[in-house]
Amino acid sequence: MHDVHVAATHSADPTLVLLTVEEAARRLSVGRTTCFHLIASGQLESVPIGRLRRVPAEAVTDFLARLREAHRPTSTAA
């Protein structure tokens with residue numbers, strides 16, 4: 001049970017600069033496969049570190065901002 005708490009605390013650590021794909025997916029509330037698709041399509045920035053793939057924490061925030069902007073209703077001046 002202690003390991004579950006440690007894992008949950010680690011995954012929600014706001015001080016992490018780089019996230020695993022799983023951590024980024026959790027923050028976006030999407031599945032791992034969807035997160036990999038976002039990375040492959042260039043919608044979500046990631047960086048290679050050796051054989052690993054990491055998502056900069058601010059890339060999640062940037063992705064969300066672009067998504068919100070794209071779906072924001074346009075106001076029409078009357």
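User: In which loop is Ser29 found?
Analyst: This is a predicted model. In it, helix α2 is followed by Ser29. The residue belongs to the loop between α2 and α3.

User: Is Ser29 buried or exposed?
Analyst: The cut-off for exposed is over 50% relative accessible area. Ser29 has 68% relative accessibility, so Ser29 counts as exposed.

User: What is the phi of Ser29, and what is its sign?
Analyst: Most residues other than glycine have a negative phi. Ser29 is not a glycine, yet its phi is positive, at about 60°.

User: In what order do the elements of the protein run from the N terminus on?
Analyst: The protein has four helices and three strands. From the N terminus on, they are arranged as α-β-α-α-β-β-α.

User: What is the strand order of the open sheet?
Analyst: Two bridges join β1 to β3, residues 52–56, and these strands run antiparallel. Three bridges join β2 to β3, again antiparallel. The edge strands are β1 (18–19) and β2 (47–49), each pairing on one side only. The order of the three strands is β1-β3-β2.

User: Which residue in β3 stands opposite Leu19?
Analyst: Leu19 lies in strand β1. In the pairing of β1 with β3, the bridge partner of Leu18 is Pro56. The residue opposite Leu19 is Val55.

User: Which residue in the turn of the hairpin of β2 and β3 has a positive phi?
Analyst: Ile49 stands opposite Leu52 in β3. The hairpin has two residues between its strands. The one with a positive phi, of about 65°, is Gly50.

User: What angle does the direction of α4 make with that of β3?
Analyst: In the sheet, β1 and β3 are joined by two bridges. Helix α4 packs on this sheet and touches both β1 and β3. The angle between the direction of α4 and that of β3 is about 55°.

User: Is Leu19 buried or exposed?
Analyst: Leaving out residues up to four places away in sequence, Leu19 touches Ala24, Arg27, Arg53, Arg54, Val55, Ala57 and Val60. The cut-off for buried is under 20% relative accessible area. Leu19 has 0% relative accessibility and therefore counts as buried.

User: How far apart in space are Leu19 and Val60, C-alpha to C-alpha?
Analyst: Val60 is found in helix α4, while Leu19 lies in strand β1. In sequence the two residues are 41 residues apart. Their C-alpha to C-alpha distance is 9.4 Å.

User: Why does Val60 count as buried?
Analyst: Leaving aside neighbours within four places in sequence, Val60 is in contact with Leu19, Ala24, Arg27, Leu28, Leu44 and Val55. A residue is buried under 20% relative accessible area. Val60 counts as buried because its relative accessible area is 9%.

User: At roughly what angle do the axes of α2 and α4 cross?
Analyst: The axes of α2, residues 21–28, and α4, residues 57–70, come within 10 Å. The crossing is right-handed. The angle is roughly 35°.

User: How many charged residues does the contact of α2 with α4 have?
Analyst: Ala24, Arg27 and Leu28 in α2 meet Ala57, Val60 and Phe63 in α4. By class, five residues of this contact are nonpolar and none is polar. The number of charged residues is one.

User: Which residues of α2 are buried?
Analyst: Some of the residues of α2 that meet α4 are Ala24 and Leu28, and both are on the buried list. That list also holds a glutamate, Glu23. In full, the buried residues of α2 are Val21, Glu23, Ala24, Ala25 and Leu28.

User: Which residues have the most contacts inside the largest nonpolar core?
Analyst: In soluble globular proteins, nonpolar side chains tend to be buried together. Here the largest nonpolar core has 15 residues. The elements that give two or more residues to this core are α2, α3 (32–40) and α4. The residues with the most contacts inside the core are Cys35, Leu44 and Val55.

User: Which residues is Cys35 in contact with, leaving aside its neighbours within four places in sequence?
Analyst: Cys35 is one of the residues with the most contacts inside the largest nonpolar core. Another of these, Leu44, is itself in contact with Cys35. The full set is Val21, Ala24, Ala25, Val30 and Leu44.

Terms used:
Residues are numbered from 1 along each chain as its sequence is written. This is a predicted model: local features need pLDDT of at least 70, side-chain atom pairs count only at pLDDT 80 or more; totals for chains, interfaces and linings use all residues. Side-chain values use heavy atoms; hydrogens and water are left out. Axes are lines fitted to C-alpha atoms, for helices over the stretch in contact, and angles run from 0 to 180 degrees between N-to-C directions. A crossing is left-handed if the near helix is turned anticlockwise from the far one by less than a right angle, and right-handed if clockwise. Contact means heavy atoms within 4.5 Å. Ala, Val, Leu, Ile, Met, Phe, Trp, Tyr, Cys and Pro count as nonpolar, Asp, Glu, Lys and Arg as charged, and the others, Gly among them, as polar. A nonpolar core is a set of buried Ala, Val, Leu, Ile, Met, Phe, Trp, Tyr and Cys residues joined through side-chain atoms within 4.5 Å. Buried means under 20% relative accessible area, exposed over 50%, partly exposed in between (1.4 Å probe, protein chains only). Two strands pair if DSSP finds at least two bridges between them.
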